[in-house]
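Here are some short exercises to help you find your way around a new structure. Try each task with the model open before you read the solution.

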Amino acid sequence: MNSFDKVIGYDTIKEELLQICDMFHNKDIYEKLGAKIPCGVLLHGNPGLGKSLMAKCFIEESGFKVYTLRKNKGERKFVEYISKVFEEAKSNAPCIIFLDDVDKFANEDESHRDAPEYVAIQSGIDEVKGIDVFVIATANDIDKLPGSLIRHGRFDRKIEVLLPTGNDAEKIIRHYFENKKISEDVNLEDVSKMLSYSSCAELEAIINEAAINAAFARRETILMEDVVKAVLRLEYGSPDNYTVKSPEDLYKIALHEAGHLVVAEVLCPESIGLVSIRKSGRDRRGGFAHRCRELSKRVDNVLVCLGGKAAVELYFSESCASGCASDISRATKLLEMGVTENATHGFGLVDCYGYAPEECQSKVQTVVRAELEKCIFKAKDILIKNKAFLEKATELLVEKETLLFSDIKAIRESVEIINVAV
């Protein structure tokens with residue numbers, strides 16, 4: 001048992017932090033090999049992922065006295081307080097200084113990289129070097145911090161805490177379900193797939209919302225429908241009383257989303273965790289899908305973006321393929337990035353966008369439009385070859401409104417998948 005047992009998942013990060021704690025307690029073993037304790041650790045990543053909890057577990061495991069710094073004073077007083085804390089820590093080594101949400105210590109931007117708060121921290125870190133004062137910090141946005149602060153020699157370890165996926169997501173979900181009465185129909189794999197890339201705070205809120213739904217309905221246990229309802233409401237802003245204007249509109253939305261789904265599943269099986277024809281937030285058209293696995297190739301992502309438009313155009317006229325503006329915009333940006341940053345069409349168009357001459361920008365647009373035409377053709381080819389998959393997915397979406405990972409897997413296994421060279 002160790003302090004990090006409070007943190008669910010994130011085994012690699014916990015091991016890295018435990019390694020430093022081991023160095024605190026077994027200095028002689030490391031010194032024999034000439035190893036020195038790293039200068040500081042910075043945990044950074046999206047809010048709500050448990051960075052502060054990890055830091056507190058690290059402090060607890062170390063057994064050292066801790067001085068915690070959070071922005072809770074005006075600028076001048078806070079700068080003075082930073083200096084005072086470092087001085088006090090210097091006199092009470094060994095100890096740890098914890099800078100919680102350090103990116104909120106000053107209102108930094110690219111034009112102001114010398115905020116007094118960060119200058120004071122840098123000076124303080126330099127003052128305590130070699131005096132058994134260790135600094136650990138958390139930040140949501142590492143880009144707000146000056147390079148002089150986070151360089152090696154001040155923070156040797158910069159650990160990114162990513163949104164939980166796969167086994168980590170499932171472990172966290174199981175943890176939040178531990179003290180709740182859940183029905184046998186709750187499929188934890190479905191839940192983890194539809195909630196991959198959600199923060200720990202979001203996962204906790206959604207599972208609590210599911211419990212509220214069940215209690216309000218006066219049920220004895222939480223059903224899968226309670227969980228799905230909570231996900232749709234909190235993650236996608238989808239109202240419970242969503243309706244469409246006509247059966248034809250419903251079918252077109254289902255066909256559109258099935259197009260995205262089929263292209264994604266053919267190119268990267270088990271990549272979609274949830275797909276729905278429900279309205280999402282302010283999107284009047286309705287329909288959305290959640291990826292539980294990212295597609296590695298840029299062209300694959302473009303094809304998935306265009307899959308909805310391609311599907312509707314196969315069964316209706318091109319003018320009926322409405323609601324595709326955001327899909328086309330994403331596909332266009334992906335292709336533009338490939339052309340201007342990654343030289344997918346040669347080096348002649350690299351950096352040829354934004355403030356580049358109009359003639360150069362025009363060439364990029366010509367290439368991108370040509371690629372969009374090729375990609376919509378490829379997306380249609382995938383859908384034509386996998387027509388049975390497309391039509392089954394569309395029918396089930398019309399019937400159920402929302403398909404989960406297990407529903408998608410069952411459809412995929414019931415049809416022959418024809419892979420298409422991209």
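**Exercise 1.** Find which residues Val41 touches, not counting residues up to four places away in sequence.

*Solution.* Step one: contact here means heavy atoms within 4.5 Å. With that rule, Val41 touches Leu17, Ile20, Phe134, Val135, Ile136, Ala137, Phe155, Arg157 and Ile159. Step two: place the residue. Val41 sits in strand β1, residues 41-44; helices (H or I, at least four residues) and strands (E, at least two) are DSSP runs, numbered from the N terminus. Step three: take one of those partners, Ala137. The C-alpha atoms of Val41 and Ala137 are 6.3 Å apart, with their positions 96 residues apart along the chain. Step four: check the surface. Val41 has a relative accessibility of 0%, so it counts as buried (buried is under 20% relative accessible area, exposed over 50%, partly exposed in between, with a 1.4 Å probe and protein chains only).

A word on the ground rules: this is a predicted model, where local features need pLDDT of at least 70, side-chain atom pairs count only at pLDDT 80 or more, and totals for chains, interfaces and linings use all residues. Residues are numbered from 1 along each chain as its sequence is written, and side-chain values use heavy atoms, leaving out hydrogens and water.

**Exercise 2.** Work out whether the span of α14 agrees with its 28 residues.

*Solution.* Start with the rule: the expected span of a helix is 1.5 Å times one less than its number of residues. For α14 that gives 40 Å, and its end C-alpha atoms are 41 Å apart, so the two agree. Next, look at what is tucked away: the buried residues of α14 include Cys360, Val364, Glu371 and Ile382. Finally, see what they meet: the buried residues of α14 pack against α11 (247-267), α12 (298-315), α13 (325-341) and α15.

**Exercise 3.** Is Asn386 buried or exposed, and what does its side chain reach?

*Solution.* First, locate Asn386 in the loop between α14 (358-385) and α15 (387-400). Its relative accessible area is 1%, so Asn386 is buried. Then follow the side chain of Asn386, which reaches the backbone oxygen of Ile382 at 2.9 Å. Leaving out residues up to four places away in sequence, Asn386 also touches Val262, Val266, Glu416, Ile417 and Ile418.

**Exercise 4.** Which residues have a positive phi without being glycine?

*Solution.* Go to the loop between β3 and α5 (116-127), where you'll find Asp101. Phi of Asp101 is near 55°, and the residue isn't a glycine. Asp101 counts as partly exposed because its relative accessibility is 26%. Now move to the loop between α15 and β8 (402-404), home of Glu401. Glu401 isn't a glycine either, yet its phi is about 70°. At 29% relative accessibility, Glu401 is partly exposed.

**Exercise 5.** Find what kind of peptide bond joins Ala93 and Pro94.

*Solution.* Look first at the loop between α4 (75-91) and β3 (95-99), which holds Pro94. Then check omega: it is about 0°, and the bond joining Ala93 and Pro94 is cis.

**Exercise 6.** Find how far the C-alpha atoms of Glu202 and Gly48 are separated.

*Solution.* Begin at Glu202, in helix α9 (residues 200-216). Glu202 is partly exposed, with a relative accessible area of 35%. Now jump to Gly48: the two C-alpha atoms are separated by 7.5 Å, although Glu202 and Gly48 are 154 residues apart along the chain.

How values were computed. Polar contact = N/O pair within 3.5 Å; in protein donor to acceptor, adjacent residues only side chain to side chain.
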